[in-house]
Amino acid sequence: MEKPEFNLKCLRTIDCKQGAVRAVRFNVDGSYCLTCGADKKLKLWNPHKALSLKVYGGHADEVLDACSSCDNSQIVSCGQDKTVILWDVSSGTPLRRLRAHGARVTCVRYNEESTVAVSGSQDNTIMCWDVRGRNVRPIQVMRDAKDAVTSLEVTDHEIVTGSVDCKVRRYDIRANKLFSDFIGDAVTCVSLTRDAQCLLVSSADNMVRLLDKDSGDLLGEYSGHRMGDFCMESCVDHRDHHVISGSVDGDIWCWDLVQGSVVTKLTHEKNSVVHSLSSHPSQMFLLSASRGTIKLWGVPGDDQ
């Protein structure tokens, strides 16, 4: 069977004017994206047209992560100010400020129905928040991590987390069980493959690993990039054919998921840190963030 091509080109470069861009995230259908800024602002974009749509201001310090709800009506964001903020997309106003974490909140996600927001923090905890009611206290707190939580993913019944304590933890909410895998070095990013059968784990030893989600078996290793002291993100493309990671040298590394071989390297900006990535949910587009800019990568002609 012929391998799918991975010939992405830079389609748009956007100067976000937010100082450093801490994270970039496609929304649920890939029509829009969010950028989290060192200027304490969150911005909504149409990256396909390089169009700024809305600015959300309310954090007291750098915004570190954000996520759009499944119907695109709300956004949840988190930051260095130890807060999680729920936003109304159209009006741009904060609906609720959730304060329970004792340190910077590094990551935040909605569950599949966007009824619960889940946040991870440098205070070593995971907190679950009911975003439908008026309760401003978390409905559940997980305290299993022994060091900072750096990354998380949420499905309809699972929460997967990565931590500086070198472990990936998977909480099965339905079965009320916790599964953990020891990686060997600080975990900087954890994500699910599109089929939700495998975990992609980036760690501080300059490795990206593919693990079977249920058994924890190592299925693949990807190397060549350099992490430095950064929480480098990785992801898979929309068809689970390629593994993609940022690097401190300004390149985006792309490997064949099955073979583990380097397919290509895309240069965002030489000698700058490409730390945040977001893969389009259903098409061959990729967003990368470095310094103050984001780039949209895709196949020329596909971006209308």
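## A tour of salt bridges, cavities and a surface patch

The structure holds 14 salt bridges, and since the model in your viewer is a predicted one, every distance and area along this tour is a value computed from predicted coordinates.

Begin by selecting Arg25 and Asp65, whose side chains meet in a salt bridge at 2.9 Å, taken from N to O. This pair links distant parts of the chain, with Arg25 in strand β2 and Asp65 in strand β6 (residues 63-68), 40 residues apart. If you switch on a surface here, keep in mind that Arg25 is buried and that Asp65 is buried too. Now add Arg109 and Glu233 to the selection, and you have the four residues that are linked with one another in a network of salt bridges: Arg25, Asp65, Arg109 and Glu233.

Next, select Asp165 and Arg169, where a salt bridge joins the two side chains with an N to O distance of 2.8 Å. Both of these residues, Asp165 and Arg169, are buried.

Keep Arg169 displayed, as it is also one of the residues lining the second largest cavity. To show the rest of that lining, select Asn124, Ile126, Met142, Asp144, Ala145, Val149, Thr161 and Tyr171 alongside Arg169. The space they enclose has a volume of about 30 Å³, and when the lining is coloured by class it shows five nonpolar, two polar and two charged residues.

How many cavities of 30 Å³ or more does a search of the whole structure find? There are two of them, and the largest is the next place to visit. Select Phe6 and Leu8, then Asp237, His238 and Ile244, and finally Ser279, Gln283, Met284, Phe285 and Leu286, which together line the largest cavity. About 50 Å³ of space lies inside the largest cavity, and its lining consists, by class, of six nonpolar residues, three polar residues and one charged residue.

From Ser279 in that lining, move along to His280, which lies in the loop between β26 and β27. Is His280 buried or exposed? His280 counts as buried, because its relative accessibility is 1%. Display Gly30 as well, and draw a distance between the two C-alpha atoms: His280 and Gly30 are 250 residues apart in sequence, yet 5.4 Å apart in space.

Now select Glu269 and Arg291, whose side chains meet in another salt bridge, with 2.9 Å from N to O. Glu269 lies in the loop between β25 (262-267) and β26 (274-279), and Arg291 in the loop between β27 (285-290) and β28 (293-298), so the salt bridge ties together parts that are 22 residues apart in sequence. Glu269 counts as partly exposed because its relative accessibility is 29%, and Arg291 is likewise partly exposed, with a relative accessible area of 47%. Set this beside the pair Asp165 and Arg169, both of which are buried.

For the last stop, turn to the surface and select Tyr32, Leu51 and Leu53, which form a nonpolar patch with about 250 Å² of accessible area together. Within this patch, Tyr32 can be found in the loop between β2 (21-26) and β3 (33-37). With a relative accessible area of 34%, Tyr32 is classed as partly exposed, whereas Arg25, where the tour began, is buried.

Methods: Residues are numbered from 1 along each chain as its sequence is written. This is a predicted model: local features need pLDDT of at least 70, side-chain atom pairs count only at pLDDT 80 or more; totals for chains, interfaces and linings use all residues. Side-chain values use heavy atoms; hydrogens and water are left out. On a 1 Å grid over the protein atoms alone, a cavity is a set of points where a 1.4 Å probe fits but cannot get out, and a pocket is an open set with protein on both sides within 12 Å along at least five of seven lines; lining residues have an atom within 4 Å of a point. Grid points are joined across faces, edges and corners, and a volume is the space filled by probe spheres set on the points. Ala, Val, Leu, Ile, Met, Phe, Trp, Tyr, Cys and Pro count as nonpolar, Asp, Glu, Lys and Arg as charged, and the others, Gly among them, as polar. Patches are made of residues with over 30% relative accessible area and no salt bridge: like charges are joined within 9 Å, nonpolar side chains (Val, Leu, Ile, Met, Phe, Trp, Tyr) within 5 Å. Accessible areas come from the Shrake-Rupley method with a 1.4 Å probe; for residues, only the protein chains shown count as cover. Helices (H or I, at least four residues) and strands (E, at least two) are DSSP runs, numbered from the N terminus. Buried means under 20% relative accessible area, exposed over 50%, partly exposed in between (1.4 Å probe, protein chains only).
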